[in-house]
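Work through the exercises below with the sequence and the predicted model open. Each task is followed by a solution in steps.

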Amino acid sequence: MSRKYFGTDGVRGRVGQYPITPDFVLRLGYAAGRVLVKRGESGSHRPGVLIGKDTRNSGYMLEAALEAGFSAAGVDVYLVGPLPTPGIAYLTRALRLQAGVVISASHNPFEDNGIKFFSADGKKLPDDVERAIEAAIDEMEGKPMQTVAPKDLGRARRIDDAAGRYIEFCKSTVPHSFDLRGFKIVVDCAHGAAYHIAPEVLHELGADVIAIGNHPDGENINAGVGALHPESLGCQVVAAGADFGIALDGDADRLVMVDAEGRAYDGDQILYAIVRERLLDGPVSGVVGTLMTNMALEQSLKDLGVPFKRAKVGDRYVMELLAAEGWLFGGENSGHILALDRHTTGDGLVSALQVLVALKRSGGTLAELLGGLKLYPQTMINVPVKPGYNWRDAPTVVAAVQASEARLNDCGRVLLRPSGTEPVLRVMVEAEDAAMSRFEAGSIAEVVRLSL
């Protein structure tokens, strides 16, 4: 059953346009609060939720609306300010709260924002809970919001040491004997939620740290920096003579890494390095990728004797398949990495630390560690489309895809899929030859544009 308000990563959209408006977010907080009260097992105590955000200036408005909605429903609110999404997942669990809420649009531009929830165990909310929240919102349609009795209203307090707690958690995911002394690292925080976290973690582990993208102004999140733009990090790494670079996105759940020569490495390569590291300590039951995962990763894992399965695009679907299989490792080539033996959700900084542990253990360079996986060339083109556009209803697009697959002749893949976060159709072609990948993707994208 499809969801009405929740997408693959919470509720997201352009600020000021439905549903990212103060009135809707107020009702969302109230509805979520009522669902938590009904489902909670807190006895005589009020349920509690943690609210964090990234650095968008719209976060103040949405935070206030959520706080009011939760309070009206009789739920206590704990505020932490800007903190990475995985930090909210960790603290929700550590503080024994009923839910965590993140106000962020992740890698989207600052004009967008979103609301996503974590359950008490630090994982994405189950589908049935999201549907219950949606039903509660719909029940309020056209009715005044009924608050609980004044004595039962939720209270708000700020957790002043949230950043320090999360920094210590990140450090706890590596061996106690591990340090980064002797390494010069450039870390790009995307002017996002990790601007005051990532540099500190690396510094406390002994690295010589150069931080960039760490001066958020409310509007510059993801703007030409971070995991979406690793070329800026590459230039800084080379200019500084650093050993490598780490790029996060706006809410710090994505990771791209850069070697000393400025070459960028994506999520497939990072996931491969982490899995190979774990294999040194014992068997790995399996790995989950997505429809976008490079064919080279699938083949390389097979060569290592590690089973591999593909989920739909979105870390939510990777997590669901991992749970179904009982596996621990998965990810997306965009840089979302799941190492469930270290955290309950994807964490860009924790993933980077796992790679650095593997790097020190190997004694080689980042290029040697991550470059061992030779990816097949991929070309992806985002074609703006109208909401609800289905390329399968366009005969010319279907024919173009079939013709491209025939020319690739089992030496590549064609994938068309709508984005879960913006009105675009992603056209991806993977081939052994880079020129052929570009040609086929460009040809299909042009046919899509003509079909609109």
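**Exercise 1.** State which helix gives the largest share of the lining of the second largest pocket, and describe that lining.

*Solution.*
- Step 1. Helix H1 gives the largest share of this lining, with five residues.
- Step 2. H1 spans 22–39, and helix H4 (127–139) likewise supplies at least two residues of the lining.
- Step 3. The lining has 13 residues in total, and nearest the centre of the pocket lie Tyr 30, Arg 34, Ala 136, Glu 139 and Met 140.
- Step 4. By class, the lining residues are eight nonpolar, four charged and one polar.
- Step 5. The volume of the second largest pocket is about 280 Å³.

**Exercise 2.** Describe the largest nonpolar core and the surroundings of Ile 246.

*Solution.*
- Step 1. The largest nonpolar core holds 67 residues. Leu 180, Ile 185, Ile 246, Met 257, Val 287 and Leu 356 are those with the most contacts inside it.
- Step 2. Helix H11 (residues 348–362) contributes nine residues, the largest share of this core.
- Step 3. A second core, separate from this one, has 34 residues, including Phe 6, Val 11, Ile 133 and Met 140.
- Step 4. For Ile 246, set aside the neighbours within four places in sequence. The remaining contacts of Ile 246 are Ile 185, Val 186, Val 187, Asp 188, Leu 202, Leu 233, Leu 255, Val 256, Met 257, Ala 352 and Leu 356.

**Exercise 3.** Give the strand order of the open sheet that contains E10, and find which strands stand at its edges.

*Solution.*
- Step 1. The order of the five strands is E8-E7-E9-E10-E11, with mixed pairing.
- Step 2. Strand E8 (208–212) and strand E11 (264–265) each have a single partner strand, so one side of each lacks a neighbour in the sheet; these two are the edges.
- Step 3. E11 pairs with strand E10 (residues 255–259) in the antiparallel sense, over two bridges.
- Step 4. Within this pairing, Tyr 265 in E11 is opposite Met 257. Met 257 is also one of the residues with the most contacts inside the largest nonpolar core.

**Exercise 4.** Work out how strand E18 is paired, and whether its residues are buried or exposed.

*Solution.*
- Step 1. Strand E18 covers residues 424–431, and eight of its eight residues are buried.
- Step 2. Take the two faces in turn: on one side are Val 424, Arg 426, Met 428 and Glu 430, on the other Leu 425, Val 427, Val 429 and Ala 431, and all are buried.
- Step 3. Strand E16 (residues 378–384) runs antiparallel to E18 and is joined to it by seven bridges. Gln 378 is opposite Glu 430 of E18.
- Step 4. Strand E17 (residues 412–418) is also joined to E18 by seven bridges, again antiparallel. Here Pro 418 has Leu 425 as its bridge partner.
- Step 5. The connection from E17 to E18 is a hairpin through five residues.

**Exercise 5.** Classify Ser 362 by accessibility and place it in the fold.

*Solution.*
- Step 1. Ser 362 belongs to helix H11.
- Step 2. Its relative accessible area is 46%. Exposed requires over 50% and buried under 20%, so Ser 362 counts as partly exposed.
- Step 3. Glu 277 is 85 residues from Ser 362 along the chain, while their C-alpha atoms are 8.9 Å apart.

Technical notes:
Residues are numbered from 1 along each chain as its sequence is written. This is a predicted model: local features need pLDDT of at least 70, side-chain atom pairs count only at pLDDT 80 or more; totals for chains, interfaces and linings use all residues. Side-chain values use heavy atoms; hydrogens and water are left out. A nonpolar core is a set of buried Ala, Val, Leu, Ile, Met, Phe, Trp, Tyr and Cys residues joined through side-chain atoms within 4.5 Å. Buried means under 20% relative accessible area, exposed over 50%, partly exposed in between (1.4 Å probe, protein chains only). Helices (H or I, at least four residues) and strands (E, at least two) are DSSP runs, numbered from the N terminus. Contact means heavy atoms within 4.5 Å. On a 1 Å grid over the protein atoms alone, a cavity is a set of points where a 1.4 Å probe fits but cannot get out, and a pocket is an open set with protein on both sides within 12 Å along at least five of seven lines; lining residues have an atom within 4 Å of a point. Grid points are joined across faces, edges and corners, and a volume is the space filled by probe spheres set on the points. Ala, Val, Leu, Ile, Met, Phe, Trp, Tyr, Cys and Pro count as nonpolar, Asp, Glu, Lys and Arg as charged, and the others, Gly among them, as polar. Two strands pair if DSSP finds at least two bridges between them.
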